[in-house]
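Dear colleague,

Please find below the sequence and structure that I am handing over to you. My findings follow directly after them, grouped by region.

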Amino acid sequence: MNHLIEIVHDAVAKQQPIDLHIHTKSSIDVTQGNSFEEFMVAGEKLGIVPGFLDHFQSEYFDKPSYPFSEPNIGVYVDEFRAARDSGYKAYLGLEVDYYSPDLHADRNARTAEWLDRHKDDFDYFVGTIHDVFDTKITIRPDLKRLLKTHGFNEIQQEYYQILEAGINSGLFDGFAHVDVVYRFCGKGGILQLEDGYSTDSRTVAGMESCVARDVAIELNFRGLDHPWHDTYPAEALFKKIKIESPGAVFFTGSDSHDVVTFEQSATMTRKYFQMLQE
Ligand SMILES: [Fe+2]
Ligand SMILES: [Fe+2]
(Lines give C-alpha, C1' and ligand atoms only; values in the text may rest on other atoms or scores of the structure.)
(Ligands and ions follow the chains in the order given, each with its own letter.)
Protein backbone atom coordinates (compact mmCIF):
# COMPACT_ATOMS: atom_id res chain seq x y z
CA MET A 1 0.00 0.00 0.00
CA ASN A 2 1.43 3.39 -0.90
CA HIS A 3 1.97 6.03 1.78
CA LEU A 4 -0.74 8.36 0.50
CA ILE A 5 -3.34 5.60 0.84
CA GLU A 6 -2.07 4.91 4.37
CA ILE A 7 -2.48 8.61 5.22
CA VAL A 8 -6.08 8.56 3.96
CA HIS A 9 -6.94 5.36 5.86
CA ASP A 10 -5.42 6.78 9.03
CA ALA A 11 -7.33 10.07 8.68
CA VAL A 12 -10.63 8.27 8.04
CA ALA A 13 -10.08 5.94 11.02
CA LYS A 14 -9.41 8.94 13.27
CA GLN A 15 -12.13 11.10 11.67
CA GLN A 16 -9.44 13.70 11.13
CA PRO A 17 -10.18 15.93 8.10
CA ILE A 18 -7.27 16.33 5.69
CA ASP A 19 -6.65 18.76 2.85
CA LEU A 20 -3.80 17.30 0.84
CA HIS A 21 -3.63 19.82 -2.01
CA ILE A 22 -2.10 23.06 -0.78
CA HIS A 23 0.29 25.34 -2.61
CA THR A 24 2.82 27.48 -0.74
CA LYS A 25 4.71 30.48 -2.06
CA SER A 26 7.12 28.02 -3.70
CA SER A 27 4.62 27.18 -6.45
CA ILE A 28 5.37 28.87 -9.74
CA ASP A 29 1.82 30.27 -10.11
CA VAL A 30 1.84 31.90 -6.66
CA THR A 31 2.91 35.52 -6.20
CA GLN A 32 1.48 36.49 -2.81
CA GLY A 33 1.60 33.11 -1.13
CA ASN A 34 2.13 31.73 2.35
CA SER A 35 4.74 29.63 4.12
CA PHE A 36 4.40 26.06 5.38
CA GLU A 37 4.10 27.34 8.92
CA GLU A 38 1.31 29.82 8.12
CA PHE A 39 -0.79 26.98 6.68
CA MET A 40 0.02 24.73 9.66
CA VAL A 41 -1.09 27.40 12.16
CA ALA A 42 -4.33 27.90 10.19
CA GLY A 43 -4.86 24.12 9.89
CA GLU A 44 -4.56 23.65 13.63
CA LYS A 45 -7.20 26.32 14.25
CA LEU A 46 -9.53 24.75 11.67
CA GLY A 47 -8.95 21.16 12.80
CA ILE A 48 -7.73 20.22 9.31
CA VAL A 49 -4.37 18.56 8.67
CA PRO A 50 -2.65 20.23 5.71
CA GLY A 51 -0.76 18.32 3.05
CA PHE A 52 1.40 20.35 0.68
CA LEU A 53 1.35 19.89 -3.06
CA ASP A 54 3.53 22.50 -4.71
CA HIS A 55 3.93 22.34 -8.48
CA PHE A 56 6.85 20.24 -9.66
CA GLN A 57 7.55 20.66 -13.38
CA SER A 58 10.74 19.20 -14.79
CA GLU A 59 10.61 21.73 -17.65
CA TYR A 60 11.88 24.36 -15.15
CA PHE A 61 14.76 22.35 -13.68
CA ASP A 62 17.38 24.49 -15.32
CA LYS A 63 16.14 27.79 -13.83
CA PRO A 64 18.56 28.72 -11.02
CA SER A 65 15.75 30.00 -8.77
CA TYR A 66 13.65 26.84 -9.14
CA PRO A 67 12.97 25.48 -5.62
CA PHE A 68 13.31 21.85 -6.76
CA SER A 69 16.62 22.14 -8.60
CA GLU A 70 19.37 20.20 -6.83
CA PRO A 71 21.03 23.22 -5.17
CA ASN A 72 17.69 24.39 -3.71
CA ILE A 73 15.71 21.30 -2.74
CA GLY A 74 17.43 20.88 0.64
CA VAL A 75 16.32 24.34 1.78
CA TYR A 76 12.73 23.58 0.76
CA VAL A 77 12.54 20.26 2.64
CA ASP A 78 14.31 21.72 5.70
CA GLU A 79 11.80 24.58 5.85
CA PHE A 80 8.90 22.09 5.89
CA ARG A 81 10.52 19.92 8.55
CA ALA A 82 11.41 22.87 10.80
CA ALA A 83 7.79 24.07 10.71
CA ARG A 84 6.30 20.60 11.27
CA ASP A 85 8.73 19.73 14.03
CA SER A 86 7.78 22.88 15.92
CA GLY A 87 4.59 20.99 16.81
CA TYR A 88 2.20 20.48 13.89
CA LYS A 89 0.83 17.55 11.98
CA ALA A 90 1.34 18.04 8.24
CA TYR A 91 2.41 16.15 5.14
CA LEU A 92 4.75 17.00 2.31
CA GLY A 93 3.81 15.98 -1.21
CA LEU A 94 4.25 17.35 -4.72
CA GLU A 95 1.88 17.97 -7.64
CA VAL A 96 4.04 16.51 -10.37
CA ASP A 97 3.39 17.31 -14.03
CA TYR A 98 3.31 14.35 -16.36
CA TYR A 99 3.83 15.22 -20.03
CA SER A 100 2.85 13.60 -23.31
CA PRO A 101 5.19 10.59 -23.69
CA ASP A 102 5.27 11.30 -27.46
CA LEU A 103 6.33 14.94 -27.11
CA HIS A 104 8.37 14.96 -23.90
CA ALA A 105 9.67 11.53 -22.94
CA ASP A 106 12.84 13.40 -21.87
CA ARG A 107 10.95 15.48 -19.28
CA ASN A 108 9.18 12.43 -17.87
CA ALA A 109 12.51 10.60 -17.62
CA ARG A 110 14.05 13.51 -15.70
CA THR A 111 11.03 13.54 -13.42
CA ALA A 112 11.32 9.80 -12.77
CA GLU A 113 15.01 10.12 -11.84
CA TRP A 114 14.34 13.08 -9.55
CA LEU A 115 11.38 11.44 -7.79
CA ASP A 116 13.42 8.33 -7.16
CA ARG A 117 16.32 10.38 -5.79
CA HIS A 118 14.08 12.35 -3.42
CA LYS A 119 11.42 9.82 -2.45
CA ASP A 120 12.50 9.84 1.18
CA ASP A 121 12.06 13.62 1.43
CA PHE A 122 8.33 13.45 0.64
CA ASP A 123 5.24 11.67 1.93
CA TYR A 124 3.64 11.28 -1.49
CA PHE A 125 3.81 12.25 -5.15
CA VAL A 126 0.62 13.14 -7.00
CA GLY A 127 0.52 13.11 -10.80
CA THR A 128 -1.19 15.85 -12.76
CA ILE A 129 -1.83 16.77 -16.40
CA HIS A 130 -1.75 20.47 -17.23
CA ASP A 131 -0.18 20.32 -20.71
CA VAL A 132 -1.90 19.15 -23.87
CA PHE A 133 -0.18 19.78 -27.23
CA ASP A 134 2.46 21.76 -25.31
CA THR A 135 -0.16 24.16 -23.97
CA LYS A 136 -1.37 24.70 -20.40
CA ILE A 137 -5.05 23.85 -20.71
CA THR A 138 -5.72 25.00 -17.15
CA ILE A 139 -4.85 28.60 -18.13
CA ARG A 140 -7.70 30.39 -19.90
CA PRO A 141 -5.82 32.39 -22.60
CA ASP A 142 -3.60 29.40 -23.37
CA LEU A 143 -6.56 27.07 -23.92
CA LYS A 144 -8.24 29.76 -26.02
CA ARG A 145 -5.17 29.95 -28.23
CA LEU A 146 -4.96 26.16 -28.55
CA LEU A 147 -8.60 26.00 -29.67
CA LYS A 148 -7.66 28.05 -32.76
CA THR A 149 -5.62 25.13 -34.08
CA HIS A 150 -7.22 22.09 -32.42
CA GLY A 151 -10.81 21.00 -31.92
CA PHE A 152 -11.90 20.35 -28.34
CA ASN A 153 -12.55 16.67 -29.24
CA GLU A 154 -8.92 16.33 -30.20
CA ILE A 155 -7.80 18.07 -26.99
CA GLN A 156 -9.98 15.75 -24.88
CA GLN A 157 -8.63 12.68 -26.63
CA GLU A 158 -5.02 13.75 -26.16
CA TYR A 159 -5.66 14.72 -22.52
CA TYR A 160 -7.11 11.30 -21.70
CA GLN A 161 -4.24 9.50 -23.44
CA ILE A 162 -1.67 11.39 -21.36
CA LEU A 163 -3.76 10.81 -18.22
CA GLU A 164 -3.83 7.07 -18.82
CA ALA A 165 -0.07 7.01 -19.44
CA GLY A 166 0.54 9.06 -16.28
CA ILE A 167 -1.56 6.78 -14.08
CA ASN A 168 0.13 3.71 -15.53
CA SER A 169 3.64 5.19 -15.30
CA GLY A 170 4.00 3.83 -11.77
CA LEU A 171 5.50 7.17 -10.66
CA PHE A 172 2.59 8.39 -8.55
CA ASP A 173 0.82 7.58 -5.29
CA GLY A 174 -2.20 9.63 -6.29
CA PHE A 175 -3.64 11.52 -9.23
CA ALA A 176 -5.01 15.09 -9.14
CA HIS A 177 -8.19 16.54 -10.72
CA VAL A 178 -8.67 13.74 -13.27
CA ASP A 179 -11.21 15.61 -15.47
CA VAL A 180 -9.71 19.11 -15.27
CA VAL A 181 -9.83 19.26 -19.09
CA TYR A 182 -13.39 20.58 -18.51
CA ARG A 183 -12.31 23.49 -16.34
CA PHE A 184 -13.48 26.16 -18.81
CA CYS A 185 -16.63 24.35 -19.95
CA GLY A 186 -19.71 26.07 -18.58
CA LYS A 187 -21.07 29.48 -17.63
CA GLY A 188 -18.35 32.13 -17.71
CA GLY A 189 -15.97 29.76 -19.50
CA ILE A 190 -14.78 29.29 -23.08
CA LEU A 191 -16.79 26.24 -24.14
CA GLN A 192 -20.32 24.93 -23.74
CA LEU A 193 -20.89 22.41 -21.00
CA GLU A 194 -22.09 19.25 -22.74
CA ASP A 195 -24.23 16.70 -20.89
CA GLY A 196 -21.77 13.85 -21.20
CA TYR A 197 -18.77 15.64 -19.71
CA SER A 198 -19.55 14.99 -16.07
CA THR A 199 -19.95 11.25 -16.72
CA ASP A 200 -17.28 10.86 -19.41
CA SER A 201 -16.41 7.16 -19.82
CA ARG A 202 -12.74 8.12 -20.27
CA THR A 203 -12.72 9.73 -16.82
CA VAL A 204 -14.27 6.53 -15.46
CA ALA A 205 -11.58 4.49 -17.25
CA GLY A 206 -8.86 6.69 -15.70
CA MET A 207 -10.33 6.23 -12.24
CA GLU A 208 -10.54 2.48 -12.77
CA SER A 209 -6.88 2.47 -13.82
CA CYS A 210 -6.12 4.27 -10.54
CA VAL A 211 -7.95 1.55 -8.62
CA ALA A 212 -6.12 -1.20 -10.52
CA ARG A 213 -2.72 0.47 -9.94
CA ASP A 214 -3.32 1.26 -6.26
CA VAL A 215 -3.27 5.00 -6.98
CA ALA A 216 -5.40 7.32 -4.82
CA ILE A 217 -7.82 9.64 -6.62
CA GLU A 218 -8.14 13.27 -5.63
CA LEU A 219 -11.54 14.78 -4.94
CA ASN A 220 -10.61 18.36 -5.80
CA PHE A 221 -13.23 21.00 -5.05
CA ARG A 222 -11.54 24.03 -6.61
CA GLY A 223 -13.61 23.28 -9.74
CA LEU A 224 -16.71 24.58 -7.93
CA ASP A 225 -15.22 28.07 -8.42
CA HIS A 226 -14.39 27.44 -12.09
CA PRO A 227 -16.85 27.59 -15.03
CA TRP A 228 -17.16 23.79 -14.59
CA HIS A 229 -19.00 24.39 -11.27
CA ASP A 230 -18.39 20.87 -10.02
CA THR A 231 -15.71 18.90 -8.25
CA TYR A 232 -12.92 17.13 -10.16
CA PRO A 233 -13.89 14.37 -10.79
CA ALA A 234 -17.53 15.43 -11.10
CA GLU A 235 -19.42 14.60 -7.91
CA ALA A 236 -21.69 12.17 -9.82
CA LEU A 237 -18.66 10.15 -10.91
CA PHE A 238 -17.10 10.23 -7.47
CA LYS A 239 -20.29 8.72 -6.04
CA LYS A 240 -20.57 6.14 -8.83
CA ILE A 241 -16.99 4.88 -8.49
CA LYS A 242 -17.28 4.82 -4.72
CA ILE A 243 -20.22 2.42 -4.99
CA GLU A 244 -19.01 0.36 -7.94
CA SER A 245 -15.32 0.09 -7.00
CA PRO A 246 -15.08 -0.34 -3.24
CA GLY A 247 -11.27 -0.49 -3.58
CA ALA A 248 -11.11 3.12 -4.80
CA VAL A 249 -9.35 5.47 -2.40
CA PHE A 250 -10.13 9.18 -2.60
CA PHE A 251 -8.44 12.08 -0.85
CA THR A 252 -9.72 15.63 -0.38
CA GLY A 253 -7.88 18.59 -1.88
CA SER A 254 -8.85 22.27 -1.90
CA ASP A 255 -6.06 23.30 -4.32
CA SER A 256 -5.62 26.43 -2.19
CA HIS A 257 -2.87 28.81 -3.24
CA ASP A 258 -3.08 30.94 -0.07
CA VAL A 259 -4.22 30.67 3.56
CA VAL A 260 -7.41 32.68 3.00
CA THR A 261 -8.60 30.16 0.39
CA PHE A 262 -7.59 27.27 2.66
CA GLU A 263 -9.71 28.78 5.45
CA GLN A 264 -12.63 29.53 3.14
CA SER A 265 -12.52 25.95 1.85
CA ALA A 266 -12.71 24.43 5.34
CA THR A 267 -16.47 23.81 5.22
CA MET A 268 -16.10 21.99 1.90
CA THR A 269 -13.08 20.06 3.15
CA ARG A 270 -15.13 18.79 6.09
CA LYS A 271 -18.16 18.05 3.90
CA TYR A 272 -16.24 16.07 1.27
CA PHE A 273 -14.02 14.37 3.84
CA GLN A 274 -17.21 13.16 5.51
CA MET A 275 -18.42 11.82 2.15
CA LEU A 276 -15.28 9.68 1.85
CA GLN A 277 -16.48 7.74 4.85
CA GLU A 278 -20.15 7.29 3.87
FE1 LIG B 1 -3.31 21.27 -10.89
FE1 LIG C 1 -2.76 22.39 -7.64
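Two strands are taken as paired if DSSP finds at least two bridges between them. The model is predicted, and every value in this message was computed from it.

The sheet

By that criterion, strand β3 (residues 91-97) and strand β4 (residues 124-128) are paired: five bridges join them, and they run parallel. Within this pair, L94 has F125 of β4 as its bridge partner. Both strands belong to an open sheet of seven strands, paired in parallel and ordered β1-β2-β3-β4-β7-β8-β9. Its edge strands are β1 (18-22) and β9, each of which pairs on one side only. In general, the strands of a sheet pair through backbone hydrogen bonds, in either the parallel or the antiparallel sense.

At the β1 edge, three bridges connect β1 with strand β2 (residues 49-56), again in the parallel sense. D19 stands opposite P50 of β2. Is this edge strand enclosed or open to the outside? Five of the five residues of β1 are buried, so the strand is largely enclosed by the rest of the structure.

At the other edge, strand β8 (residues 216-220) pairs with β9 in the parallel sense over four bridges. Here F250 of β9 is the bridge partner of I217. The residues of strand β9 (residues 250-253) point two ways: F250 and T252 to one side, F251 and G253 to the other, and all are buried.

Helix packing

Two helix pairs deserve a description. Helix α2 (residues 36-46) packs against helix α3 (residues 70-85) at an angle of about 30 degrees, and their axes are 9 Å apart. Angles under 35 degrees count as roughly parallel, and α2 is therefore roughly parallel to α3. The crossing of α2 past α3 is right-handed. On the α2 side the contact is made by F36, E37 and M40, and on the α3 side by E79, F80, A83 and R84. By character, the residues of this contact are four nonpolar, no polar and three charged.

The second pair is formed by helix α6 (residues 152-168) and helix α7 (residues 201-213), which pack at an angle of about 5 degrees with their axes 9 Å apart. These helices are therefore also roughly parallel to each other. From α6, the residues Y160, L163, E164, I167 and N168 meet R202, G206, S209, C210 and R213 of α7. This contact divides into four nonpolar, three polar and three charged residues.

Backbone geometry

Most residues other than glycine have a negative phi, and most peptide bonds are trans. Three places in the model may be worth your attention on that account.

- The peptide bond from Y232 to P233 is cis, with omega near -10 degrees. P233 is placed in the loop between β8 and α8 (235-244).
- D134, a residue other than glycine, has a positive phi near 60 degrees. Its place is in the loop between β5 (131-132) and β6 (135-136). D134 counts as exposed because it has 12 C-beta neighbours inside 10 Å.
- H177 is not a glycine either, yet its phi is positive, at about 20 degrees. H177 lies in the loop between β7 (174-175) and α7. With 28 other C-beta atoms within 10 Å, H177 is buried.

Individual residues in helices

Which residues does E263 touch, apart from those up to four places away in sequence? E263, which lies in helix α9 (residues 259-264), touches A42 and L46. E263 is also 9.2 Å from F39 in space, C-alpha to C-alpha, while the two are 224 residues apart in sequence. E263 counts as partly exposed because it has 17 C-beta neighbours inside 10 Å.

D142 is found in helix α5 (residues 140-146). Leaving aside neighbours within four places in sequence, D142 is in contact with T135, K136 and I137. With 16 C-beta neighbours inside 10 Å, D142 counts as partly exposed.

Yours sincerely

Technical notes:
Residues numbered from 1 in each chain as written. Chains lettered and ligands numbered in written order. Predicted model: local features only at pLDDT ≥ 70, side-chain atom pairs only at ≥ 80, totals over all residues. Axes fitted to C-alpha atoms, helices over the stretch in contact; angles between N-to-C directions. Parallel < 35°, antiparallel > 145°, perpendicular 65-115°, else oblique. Left-handed = near helix turned anticlockwise from the far one by under 90°. Contact = placed C-beta atoms within 7 Å. Nonpolar A, V, L, I, M, F, W, Y, C, P; charged D, E, K, R; others polar. Buried ≥ 20, exposed ≤ 12 C-beta atoms within 10 Å, placed from the backbone.
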